[in-house]
Amino acid sequence: MKVNWQLNKNSILVLHALVWVMIFLLPFIFSSENDSSKDADDLAFRNLKTVTNLFWMGLFYLNALVLIPKLFNKHKYIYFTFSLLLSFCIIMLFHGAFFKPFVQGHDFNFFRSSAHNIIPFLFTVTVSTTYKIIYDKIKADTVAAELQKENLKTELSFLRSQISPHFLFNVLNNIVAMVRLKSDELEPTVIKLSSLLQYMLYETDEEKVLLRHEEESLQNYIDLQRIRFSSKLTLNTSFDIKEEWHTIEPMLLIPFVENAFKHGNGLLSNPEIDIDLHSSNNQLDFFIKNKYVSSDTAKDKTSGIGLTNVKRRLQLLYPERHTLSIDDNNGWYKVHLKLFLK
């Protein structure tokens, strides 16, 4: 997995540059109008402080990029504390080296200067440590989100791979039955299967497909089953998609229809399947019901795989944006899916 940090890095660099420019310019901005009223010592100490800020900036990045990752995060707290104290002493030595050129007429006192600079030192270390903690937390959260996204894609691909062979297996059974009957509907059936295969191979690789494409694939599957069962099955369908521009997860509805055809025949003397699909006001309603016999021995071992997977896909892709109700009583198996589309 590769996380692209380039844009974030550029943004961070610009932000850092702006903050440091502001820190260095603020003393000059607020004192520029009153320079004539300030004595030479005030201006000298201001300029010395500005130069010392360069060392505080160096300490900021030394602490954030070296001391915390190499020492503090590895629980080497004694070395971490010693390194900070050593850094402070070194900065004070440099501060003293610049003292005479900037502040004339005054002697440099190490301890007095240290007492004066201890607050900027502690402030720099605190801000640097806070920055590092926040930066690492944001980076860790971003990586975790990317990992979760990759895991979601992997899981969805696995779920689809379970659905597709299961779906194809049933369609091919339809064709085998028609070959045995030497039906004239074989050619149009193969054409419809070809359209379904094209949809499955080329369009289901996308995260979303147009709702009208999912409707067309669903209609092709129903037509294939209608040809197979002919007059043996009462099949009522109603499709009314008013908002075709919406998108939907591919192969989401077919498992419900597949399940109805698989278990809506068998030992039934008068099988019937009702399918209703319509969308309006950013909402999709899908209702399907079929007669069934609880003792139907035609159910195979793969029964329920499609429905189990589609439930999982709904949980992953439409959390808090779908309702699914399944009811089986009085000889009818009913499924009602409601999706709230973006």
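These exercises work through the confidence, burial and salt bridges of a predicted model.

**Exercise 1. Find where the pLDDT is below 50.**

Step 1. Start with the whole chain. The average pLDDT is 78, and 78% of the residues score at least 70.
Step 2. Go to the N-terminal stretch. Residues 1–7 have a pLDDT below 50, with 10 contacts beyond near neighbours in sequence.
Step 3. Add residues 297–304. Their pLDDT is also below 50, and this stretch has 7 such contacts.
Step 4. Apply the caution. Predicted coordinates should not be read in detail where pLDDT is low.

**Exercise 2. Work out which parts the Asp223–Lys192 salt bridge ties together.**

Step 1. Check the distance. The closest N and O atoms of Asp223 and Lys192 are 3.3 Å apart, and the cut-off is 4 Å.
Step 2. Place the residues. Asp223 sits in helix α6 and Lys192 in helix α5, so the pair joins parts 31 residues apart in sequence.
Step 3. Classify burial. Asp223 has 18% relative accessible area and is buried. Lys192, at 22%, is partly exposed.
Step 4. Extend the picture. A salt-bridge network links Lys192, Asp223 and Arg226.

**Exercise 3. Decide whether Glu249 and Arg313 are buried or exposed, and locate them.**

Step 1. Confirm the pair. Their side chains form a salt bridge at 3.0 Å, N to O.
Step 2. Locate each partner. Glu249 is in the loop between β3 and α7, and Arg313 is in helix α8, so the bridge ties parts 64 residues apart in sequence.
Step 3. Classify burial. Glu249 and Arg313 are both buried.

Definitions and conventions
Residues are numbered from 1 along each chain as its sequence is written. This is a predicted model: local features need pLDDT of at least 70, side-chain atom pairs count only at pLDDT 80 or more; totals for chains, interfaces and linings use all residues. Side-chain values use heavy atoms; hydrogens and water are left out. pLDDT is the predictor's confidence in each residue, from 0 to 100. Contact means heavy atoms within 4.5 Å. Helices (H or I, at least four residues) and strands (E, at least two) are DSSP runs, numbered from the N terminus. Buried means under 20% relative accessible area, exposed over 50%, partly exposed in between (1.4 Å probe, protein chains only).
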